Amino acid sequence: MTSDSAYFVGKDIVARDVWTTVPLDWNDPDGETIEIFAREFVAAERRHDDLPLLLHLQGGPGGKGVRPVGRGDWVAAALSRFRLIVPDQRGTGRSTPLSGSRFAEMPAEEAARRLSLHRADSIVRDFEALRAAHYGGRRWWTIGQSYGGFLTLHCLSAFPEAIVASAVAGGLPSLDPDPAEVYRRTFPRVVEKNRQFRERAPHLAERIARVADTLQAQDVRLADGDRLTVRRLQTLGFDFGMGPGFDRVHWLLDEAFADRAETRLSDTFLASVGAATAFAGNPLFIALQESIYGAGPTGWAAQRERERHPEFDEDARPVLFTGEMVFPWMFDEVRALRGFRAGVELLAAREWPIELYDTARLGANQVPVEAVVYFDDMYVDAGLSLDTAARVGGLHAWVTNEHEHDGIVMDGVAERLFTALEWRLGGRGGERS
């Protein structure tokens, strides 16, 4: 089903809604179905033009499509050339959602099975169904941000014939998926990000320690009833890998206390921390975080690595913030995640077969790929990304330390990727098939 009516986003973007019905389990095409939602965006002045298609592969896992408020950052570069298709990955946004309350009612086996059906292989097959149902099977370009790069390599492994060219921003994964290795490399980078944060905001060190001491001495509750613990406070470091991340955390901590003597935590602070650490809008981001690196069992790889780094202990001072890491306690202490606990536990303990990448096919790849690798990326290890770049045919890597993980929103990044691909296609950026 496609919406019959188009509507404006901002003053000069025209959008329409696209729905596709797909199997929950692609190995059981006659079984339960779910709905996949996508939006198509086009520049208002080009709405009637026969433009090439660009599929946006959103970050995540569990990422819904971008909701632009105008022609900013990479969207401007995209709309100058393409009809932009932005899906909500299965389980997110307006696609058939997953909720902790529903999962709480399921046996662990069923919960784990359903979670396993929301990984890259199913997501990419959903996109193929979307392409066939609404675009006549036309080939499209792709742009993958973060986890979207993981999806890109799966697309190139499974359906390379569907793709004209691919751009990837901060999302080239290892072709030898190993969560333990990922987190072994990640923790030192997070330590360095903490050092940089303290260097930028040395006046906050004592305040953060006082906040942590308060949380250890008192039963501090957030608006939804969850207790705010030190380890939950530490997850604010999720933001440290983004361009404005240090400043966002800085200003949040700036209002930590309600009095000048800094003895009472403020309601503003508690509301802000609660919203930043609740994951209510994207619980799959946490539930599937380690599963993106392989078929398992992951065995709580981040937790095992954290135990090797006592500087992250809750009693340690200065307080160190953690990064893009998921720990078992989160499924006890965070309301939106509790219902997923049994399923995630089983997912972490057992192997759930999935072929993420066909290394032989990727080695022989002929689809042009332009990827930006952020050398200091806190989330995606540049060393692993460059190893992948050397092993995928047709992939050119631009390595830079000018941007953080969200560099795609900076002026010129997407434009450079698209221009490079157009040049490699011999100026055929507008080809339809």
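**Entry 1: the second largest cavity**

I looked up what kinds of residue line the second largest cavity, and found nine nonpolar, three polar and one charged. The model I am working from is predicted. I then noted the volume of the second largest cavity, which is about 100 Å³. Its lining has 13 residues, and those closest to the centre are Ala-287, Glu-290, Ser-291, Thr-298 and Val-344. Two elements, α11 and α14 (341-349), give two or more residues to this lining. I asked which element supplies the largest share of the lining of the second largest cavity. The answer is α14, with three residues.

**Entry 2: the largest cavity**

I counted the cavities next: there are eight of 30 Å³ or more. The largest cavity has a volume of about 130 Å³. I listed the residues closest to its centre as Phe-150, Pro-173, Ser-174, Val-182 and Tyr-293, out of 15 that line it. By type, the lining of the largest cavity divides into 12 nonpolar residues, one polar and two charged.

Two of those central residues came up again when I looked at rings. Phe-150 and Tyr-293 belong to a cluster, linked by ring pairs, that also holds Tyr-147 and Tyr-183.

**Entry 3: aromatic pairs**

I found 17 aromatic pairs in the structure. I took Phe-238 and Phe-285 as one case: their ring centres are 5.9 Å apart and their planes stand at 55 degrees, so the pair is tilted. The pair links distant parts of the chain, with Phe-238 in the loop between α8 (230-234) and α9, and Phe-285 in helix α11 (residues 283-287), 47 residues apart.

Are Phe-238 and Phe-285 buried or exposed? I found that Phe-238 has a relative accessible area of 13%, and Phe-285 has one of 12%. The limit for buried is under 20%, so Phe-238 counts as buried, and so does Phe-285.

I then checked Phe-240 and Phe-246. Their ring centres lie 5.0 Å apart with the planes at 80 degrees, so I recorded this pair as edge-to-face. Both Phe-240 and Phe-246 are buried.

**Entry 4: the largest pocket**

I turned from cavities to pockets. The largest pocket holds about 1,200 Å³ of space. It is lined by 38 residues, and I noted Gln-58, Gly-59, Met-242, Asn-282 and Phe-285 as the closest to its centre. Phe-285 is thus in my notes twice, since this residue is also in the tilted ring pair with Phe-238.

I looked up which helices take part in the lining of the largest pocket. At least two residues each come from α1 (73-79), α9 (245-254) and α10 (267-277). By type, I wrote down 17 nonpolar, 14 polar and seven charged residues for this lining.

**Entry 5: the second largest pocket**

I noted about 230 Å³ of space in the second largest pocket. Its lining has 15 residues, and nearest the centre are Asp-25, Asn-27, Leu-117, Asp-121 and Ser-122. The elements giving two or more residues to this lining are α3 (108-116), α4 (120-135) and α5 (147-158). The largest share, three residues, comes from α4. I recorded six nonpolar, four polar and five charged residues in the lining of the second largest pocket.

**Entry 6: strands and Val-22**

I followed strand β3 (residues 33-43) and found nine of its 11 residues buried, which leaves the strand mostly covered. Strands β2 and β3 run antiparallel and are joined by 11 bridges. As one bridge, I noted Pro-23 with its partner Thr-33 in β3. β3 also pairs with strand β5 (residues 83-87), again in the antiparallel sense, over four bridges. In that pairing, Glu-40 has Ile-85 of β5 as its bridge partner.

I picked Val-22 for a closer look; this residue lies in strand β2 (residues 13-23). Val-22 has a relative accessible area of 1%, so I put it down as buried. What is Val-22 in contact with, leaving aside its neighbours within four places in sequence? I listed Glu-32, Thr-33, Ile-34, Ile-36, Arg-90, Asp-126 and Ala-129. Last, I looked up Val-22 and Arg-125, which are 103 residues apart along the chain, and found their C-alpha atoms separated by 8.9 Å.

Technical notes. Residues numbered from 1 in each chain as written. Predicted model: local features only at pLDDT ≥ 70, side-chain atom pairs only at ≥ 80, totals over all residues. Heavy atoms only, no water. Buried < 20%, exposed > 50% of the residue type's maximum accessible area, 1.4 Å probe, protein only. Contact = heavy atoms within 4.5 Å. 1 Å grid on protein atoms, 1.4 Å probe; cavity = no way out; pocket = protein on both sides within 12 Å on 5 of 7 lines; lining within 4 Å. Points joined across faces, edges and corners; volume = space filled by probe spheres on them. Nonpolar A, V, L, I, M, F, W, Y, C, P; charged D, E, K, R; others polar. Pairing = 2+ DSSP bridges. Phe/Tyr/Trp six-rings, centres within 6.5 Å; stacked < 30°, edge-to-face > 60°.
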